[in-house]
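Biologist: Hello! I am new to this one, so could we look at it together and talk through a few questions?

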Amino acid sequence: GSTLEFYPLPPCRVADTRKSNFPPGLGPPSLTGGQPRDFPILNAASCNIPLSAAAYSLNFTVVPSGTLGYLTVWPTGETQPTVSTLNDPRGNVIANAAIVVAGTGSEVSAYATDNTDLIIDINGYFAPAGSGGLSLYAVPPCRVIDTRHVGSGQPFTGTLNPPVDVMGSVCGTPAAAQAYVFNATVVPTGALGYVTLWPDGQQQPVVSTLNAQDGSVSSNMAIVPAGTGGKVDAFANGLTQLVLDISAYFAP
């Protein structure tokens, strides 16, 4: 019933069912196959998500104990929909981004067909228009960087150096952009635990953007706040190439 604006956040880990040090409702136990579970997103006080948030920009990562047919996420209090948020028939550690409306108590619900651990990271939220609120501006899809064609063209591990200069790329993203909508693709040379994207100039967060433990070419949508000079940092814990394509940005 109202127009919402986007408010970017430093990437932050909201929940991890593997870790007992998370706030109530956001840690163990693992998801039991066939049984829905509610996640009180606002309990992640360190992520600074306000009560006014009407929807969340989240990244979901599953760490299954075997094969996983699918994971579904929806607003708590609503009927579980016949949709899937991600699918994992091979039982790999994989991620997928999703924008989820806040449900009853500002919570979201998750259902997995099989036993799995679940990790939830946040990079922003949607709320009524106000100070700092941003609108979405679509652009023709454009390749910001392909590390196979930059410098020596060799894969990297650790922190990518130099950072990704989004505004300085051929895509011509304006200086007013405060967050980018990417399709991030990795082309690893072997097993790749995870890749993390975050705003340049900030400390590397404990979050993941995508995973490729089986060494396959993998991709995921990533909304990343703009860092110093509009740049974005990338970290890989294994040798990989990185491709970032932009399809939109958020700005005042």
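Modeller: Happy to! Please keep in mind that this is a predicted model. Where shall we start?

Biologist: Let's begin with the sheet. In what order do the four strands of the open sheet stand?

Modeller: The pairing between these strands is antiparallel. S1 and strand S6 (94-101) stand at the edges, each with a single partner strand, so one side of each has no neighbour in the sheet. From one strand to the next, the twist averages 20°. Read across, the order is S1-S8-S3-S6.

Biologist: Which residue in S8 is the bridge partner of Phe-60?

Modeller: Strand S3 (residues 55-64) pairs with S8 in the antiparallel sense, over ten bridges. Within S8, the partner of Phe-60 is Ile-120.

Biologist: Now for the charged side chains. How many salt bridges does the count come to?

Modeller: Side chains of opposite charge can pair when their charged atoms come close. The rule asks for a side-chain nitrogen of Lys or Arg within 4 Å of a carboxyl oxygen of Asp or Glu. By this rule, the count is six.

Biologist: How many residues apart in sequence are the parts that Asp-121 and Arg-13 tie together?

Modeller: Asp-121 and Arg-13 form a salt bridge, with their closest N and O atoms 2.7 Å apart. Asp-121 belongs to strand S8 (residues 116-128) and Arg-13 to strand S1 (residues 4-16), so the pair links parts whose separation in sequence is 108 residues.

Biologist: Is Arg-13 buried or exposed?

Modeller: Buried means under 20% relative accessible area. Its partner Asp-121 counts as buried at 4%. Arg-13 has a relative accessible area of 15%, so Arg-13 is also buried.

Biologist: Asp-16 and Arg-18 meet in a salt bridge too. Which relative accessible area makes Arg-18 partly exposed?

Modeller: The N to O distance in this pair is 2.9 Å. Asp-16 is buried, with a relative accessible area of 1%. Partly exposed lies between the 20% and 50% cut-offs. For Arg-18, the value is 39%.

Biologist: One last question: which residues do salt bridges with shared partners join into one network?

Modeller: One salt bridge here runs from Arg-143 to Asp-146, where the closest N and O atoms are 3.9 Å apart. Arg-143 is partly exposed at 43% relative accessibility, whereas Asp-146 is buried at 7%. Through shared partners, the network joins Arg-143, Asp-146, Arg-148 and Asp-245.

Notes
Residues are numbered from 1 along each chain as its sequence is written. This is a predicted model: local features need pLDDT of at least 70, side-chain atom pairs count only at pLDDT 80 or more; totals for chains, interfaces and linings use all residues. Side-chain values use heavy atoms; hydrogens and water are left out. Helices (H or I, at least four residues) and strands (E, at least two) are DSSP runs, numbered from the N terminus. Buried means under 20% relative accessible area, exposed over 50%, partly exposed in between (1.4 Å probe, protein chains only). Two strands pair if DSSP finds at least two bridges between them. Axes are lines fitted to C-alpha atoms, for helices over the stretch in contact, and angles run from 0 to 180 degrees between N-to-C directions.
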